[in-house]
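Here's a quick tour for anyone meeting this structure for the first time. Take a look, then read on.

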Amino acid sequence: MVGVGPMAKESALARCTVVDYHGKCLCDLYVKPDVPVTDYRTPWSGIRKEHIQRGLPFFQVQNHVQQLIDGKILIGHALHNDLQALHLRHPFEQIADTSKCVHLRRLVGMETSTPISLKRLSKQLLHRTIQQGEHCSLEDARAAMDLFKISKNKNTDVHLKSFMTDDFWPSDFDNE
C-alpha cells in the first residue's frame with residue numbers, strides 16, 4: 001500500500017502478489033493507483049516511484065486477481081485488508097486466514113482471541129525472519145502459505161519436524 005490523498009492518510013494498492021500452494025509466484029504486479037501518490041511508504045512498503053510508473057492500471061490488476069482466485073480457496077494473512085484494497089469479495093467459506101487461526105496462536109502461546117502479526121508467526125513457527133525494514137509481498141505470501149500448511153497439520157510439533165517431511169506436502173505433489 002501507498003499513501004494517497006491529503007496528508008497521505010488514505011491507502012491505495014501498489015503491489016499485488018499471489019502464490020500457489022507450493023509458493024510458486026502466479027502474479028506479482030505493481031499497480032498504478034487512480035489518484036496521485038502522496039507517500040510511497042518505502043520504509044515499510046518497499047514501493048518506489050519507479051515501481052508505480054511502470055505499474056498496471058488498478059482495474060487490470062483487479063480483474064487478473066479475480067480470475068486467479070475465482071472458485072479457489074484464498075489463503076493469506078489478514079485477507080480482509082487485501083480484499084478491501086482490491087475492492088473484491090470472496091466467499092467466506094473459501095477463505096483461510098492465518099491471522100484468525102486459533103491453532104497457530106496456540107502454538108505460539110497466545111490467547112486465541114489475540115491478533116498476531118505475520119512477522120511474529122513466521123519467526124516463531126517457521127523460524128524465518130521477514131519484514132525487516134522494507135516488506136516484500138512475495139515473501140509475505142509464501143510465509144502465509146507455509147503457516148497455512150502448519151495449521152492444517154494440527155498434531156505436528158513444528159519445532160521438531162522439518163518442512164521436507166511428507167506431512168507438509170500435498171498428496172498429489174509427486175504427480176505434477
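How much area does the protein chain expose, and what share of it do carbon and sulfur atoms supply? The protein chain exposes about 10,600 Å², and carbon and sulfur atoms supply 52% of that (areas by the Shrake-Rupley method with a 1.4 Å probe, where for residues only the protein chains shown count as cover). Bear in mind that this is a predicted model, where local features need pLDDT of at least 70, side-chain atom pairs count only at pLDDT 80 or more, and totals for chains, interfaces and linings use all residues. Residues are numbered from 1 along each chain as its sequence is written, and side-chain values use heavy atoms, leaving out hydrogens and water.

**Overall build**
- You'll find 7 helices and 8 strands in the protein chain (DSSP runs numbered from the N terminus: H or I of at least four residues for helices, E of at least two for strands).
- Of the chain's 176 residues, 43% are buried (under 20% relative accessible area with a 1.4 Å probe, protein chains only; exposed is over 50%, partly exposed in between).

**Cores**
- The largest nonpolar core has 15 residues, and Leu-13, Cys-16, Val-65, Leu-86 and Leu-88 touch the most other members (a core is a set of buried Ala, Val, Leu, Ile, Met, Phe, Trp, Tyr and Cys residues joined through side-chain atoms within 4.5 Å).
- Strand 3 (15–19), strand 4 (25–32), helix 3 (58–69) and helix 4 (79–86) each supply at least two residues of this core.
- A second, separate core has 14 residues, including Cys-101 and Ile-130.
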